[in-house]
Amino acid sequence: MLEANTRAFLIKHSGQEPLDEALWQAALTHGSTGEKRNYERLEFLGDRVLGLSVAEWLYRGSDEAEGRLSQRLNALVSRATCATIARDIGLGPHMRLGKQARDDGGQDSENILGDVMEAIIGACFTERGFEAARDMVLGLWADTLQGKTGKRKHPKSALQEWTAGNRRRMPEYKLIERSGPDHAARFTVEVSVHNVGSAQATAHSKQDAETGAAEEFMRKFG
């Protein structure tokens, strides 16, 4: 059922021979194909496995306070990070998309890449259990875990502290525009601080757009 190059790709990154090919096929399948069995349920599971794997790694490797651990965890398991890793390993060409989703750029969609990344983690967990899935996560995330992801202050937190320190009103976020199909939606958000100014950013999720707007605001006014 799996194509030879996709099978080799999964062996390389999961560290195991796929046993239930239909399971892994589902993990790579987007709902736009019209197939009843797609990645959605496996993505739900993989998201939790990813979070626990990274949380355990952070806990064992650091004596930082809960707040700092949570900050790093959120950054390390974010949709953007999942999509970046998916791109780095060349996941896109192995995803199964409907014609419209592919024509709309779904192969490079941050949302789809992030979801499928989590789905293949879910497939590994389903077939091999937590230890194998954790090993897969730690292998895929190795460079990211050792890097600076999540170590710096989150832009929205930094902006909020900046406004408080400068005795300004709290920043206000406003959704300016939502465009594109659901699987490749784009959100434009504006953040403003009274009597200071405003900044905008566009991303594939409202949360990421807010983060980008806060970062741009700090670049301009901070």
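Helix 5 (79-89) makes a good place to start: its buried residues pack against helix 1, helix 3, helix 4, helix 7, helix 8 and helix 9 (142-146). Those buried residues are T81, C82, A83, I85, A86 and I89. Buried here stands for under 20% relative accessible area, exposed for over 50%, and partly exposed for whatever falls in between (1.4 Å probe, protein chains only). Packing and touching are both judged by contact, that is, heavy atoms within 4.5 Å. Right after helix 5 comes G90, which has a positive phi near 75°.

The model is a predicted one, so local features need pLDDT of at least 70 and side-chain atom pairs count only at pLDDT 80 or more, while totals for chains, interfaces and linings use all residues. Residues are numbered from 1 along each chain as its sequence is written, and side-chain values use heavy atoms, with hydrogens and water left out.

As for the overall layout, the protein has 11 helices and 3 strands. Helices (H or I, at least four residues) and strands (E, at least two) are DSSP runs, numbered from the N terminus. Read in that direction, the order is α-α-α-α-α-α-α-α-α-α-β-β-β-α. The C-alpha atoms fit a box of roughly 60 × 45 × 25 Å along the principal axes. Of the 222 residues, 44% count as buried. Among contacts with a separation of 6 or more, 54% join residues 24 or more positions apart. The exposed surface comes to about 11800 Å², with carbon and sulfur atoms supplying 46% of it; areas come from the Shrake-Rupley method with a 1.4 Å probe, and for residues only the protein chains shown count as cover.

Next, the interior. In soluble globular proteins, nonpolar side chains tend to be buried together. A nonpolar core is taken as a set of buried Ala, Val, Leu, Ile, Met, Phe, Trp, Tyr and Cys residues joined through side-chain atoms within 4.5 Å. The largest such core has 42 residues, and L91, M117 and W141 have the most contacts inside it. Elements giving two or more residues to this core are helix 1 (4-14), helix 2 (21-27), helix 3 (40-61), helix 4 (66-76), helix 5 (79-89), helix 7 (110-128) and helix 8 (130-140). Helix 7 supplies the largest share of this core, 9 residues. M117 touches C82, I85, A86, I89, L91, L140 and W141, leaving aside residues up to four places away in sequence. Another core, of 9 residues, lies apart from the one around M117 and includes V193, A199, A201 and F217.

UniProt annotations come next; their positions are given in the numbering used here, feature names are shortened, and annotations may be inferred rather than shown by experiment. An unreviewed UniProt entry puts "domain: RNase III" at residues 2-129. That span is 67% helix and 0% strand, with its end C-alpha atoms 21 Å apart. The feature "domain: DRBM" (unreviewed entry) is placed by UniProt at residues 154-222. Here the make-up is 39% helix and 33% strand, and the end C-alpha atoms lie 14 Å apart.

UniProt also places a "binding site" feature (unreviewed entry) at E43, D115 and E118. These residues are spread over 76 residues of sequence, yet they cluster in space, with a largest C-alpha distance of 5.7 Å. D115 sits in helix 7 and touches Y39, E43 and R79, again not counting residues up to four places away in sequence. D115 counts as buried because its relative accessible area is 13%.

A few residues elsewhere show the other end of the accessibility scale. R167, in the loop between helix 10 (155-165) and strand 1 (172-179), has a positive phi of about 55° although it is not a glycine. With a relative accessible area of 81%, R167 is exposed. N195 is also not a glycine, yet has a positive phi of about 65°; its place is the loop between strand 2 (186-193) and strand 3 (197-203). N195 is exposed, at a relative accessible area of 64%. R219, in helix 11 (residues 206-221), is exposed as well, at 60% relative accessible area. The C-alpha atoms of R219 and G129 are separated by 45 Å, with the two residues 90 apart along the chain.
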